[in-house]
Amino acid sequence: FVAVSMPIGNLPESGISTVSSQIVFLKQNTDISNLLAFYQADDEADSNAQILQAKAEAIDAYFEMYDMPLKGTGMKMVQEGEKNGLDWRLLPAISVIESTGGKFACKGTTHSFFGWGSCKIAFTSKDHAIEIIAWNLGGNNPNTARYYAGKTTKQILQKYNPPHIVPLYAQKVMKVMDNIGEKEMTAS
């Protein structure tokens, strides 16, 4: 502990004779720590944005490879999946199994790519359909939460289309999920 005499701000030197160098260093270290935390948070945000982008690109590449109309919805699917606590590959995989990625959407309803409500429910847009399906499957709709809230991906799929109605439905969707990409992605 070394004491140094230094003026503080615009205060006169009388009455303040010493300031600990430890306090000065502590202030400098706190400023540096805050700055480092700021840059670390910024790096994490950049990393998360890169991961979201990579996931969206994987979905869109899969749709493009098979000439599916839902190409271009990858980012919306990733964002809604993340917002609702779903595996990022779930929504696109369901759309592939239900409508071949929009090629064979439900007839008589608009933007119904997921087979939701036995193809009797229409949506105002692709984005609206993605939002509503994610909201329900994430267990956030109070009317359907008892079916989906707190469930694993496989359990969600078994409620979406029970095995006694559509045998191997969960396995088919999960195979498409694996074809779209790995569950965990990292920034490159």
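**Exercise 1. Confidence of the model**

Over which residues does pLDDT stay under 50?

Step 1. This is a predicted model, in which local features need pLDDT of at least 70, side-chain atom pairs count only at pLDDT 80 or more, and totals for chains, interfaces and linings use all residues. Residues are numbered from 1 along each chain as its sequence is written, and side-chain values use heavy atoms, with hydrogens and water left out.

Step 2. pLDDT is the predictor's confidence in each residue, from 0 to 100. The stretch with pLDDT under 50 is residues 1–26. For this stretch the model has 21 contacts (heavy atoms within 4.5 Å) beyond four places in sequence.

Step 3. For the protein chain, the average pLDDT is 86, and 76% of the residues score at least 70.

**Exercise 2. Secondary structure**

State how many helices and strands the protein chain has, and in what pattern.

Step 1. Helices (H or I, at least four residues) and strands (E, at least two) are DSSP runs, numbered from the N terminus.

Step 2. The count is 7 helices and 2 strands. Along the sequence they follow the pattern β-β-α-α-α-α-α-α-α.

**Exercise 3. The disulfide**

Find the disulfide, then decide whether each of its cysteines is buried, partly exposed or exposed.

Step 1. A disulfide is a pair of cysteine sulfur atoms within 2.5 Å. By this rule the model has 1 disulfide. Cysteine 106 and cysteine 119 form it, with sulfur atoms 2.0 Å apart.

Step 2. Both cysteine 106 and cysteine 119 sit in the loop between α3 (90–99) and α4 (126–137), 13 residues apart.

Step 3. The torsion about the S-S bond of cysteine 106 and cysteine 119 is about -45 degrees, so the disulfide is left-handed.

Step 4. Buried means under 20% relative accessible area, exposed over 50%, and partly exposed in between (1.4 Å probe, protein chains only). Cysteine 106 has 10% relative accessibility and therefore counts as buried. Cysteine 119, at 31%, counts as partly exposed.

**Exercise 4. The nonpolar core**

Name the residues that touch the most other members of the largest nonpolar core, and the elements that give it two or more residues.

Step 1. A nonpolar core is a set of buried Ala, Val, Leu, Ile, Met, Phe, Trp, Tyr and Cys residues joined through side-chain atoms within 4.5 Å.

Step 2. The largest core has 36 residues, of which Leu90, Ile94, Phe114 and Leu137 touch the most other members. Two or more residues come from each of α1, α2, α3, α4, α6 (153–160) and α7 (169–180).

Step 3. Leaving out residues up to four places away in sequence, phenylalanine 114 touches, among others, Met77, Ile94, Ile133 and Tyr160.
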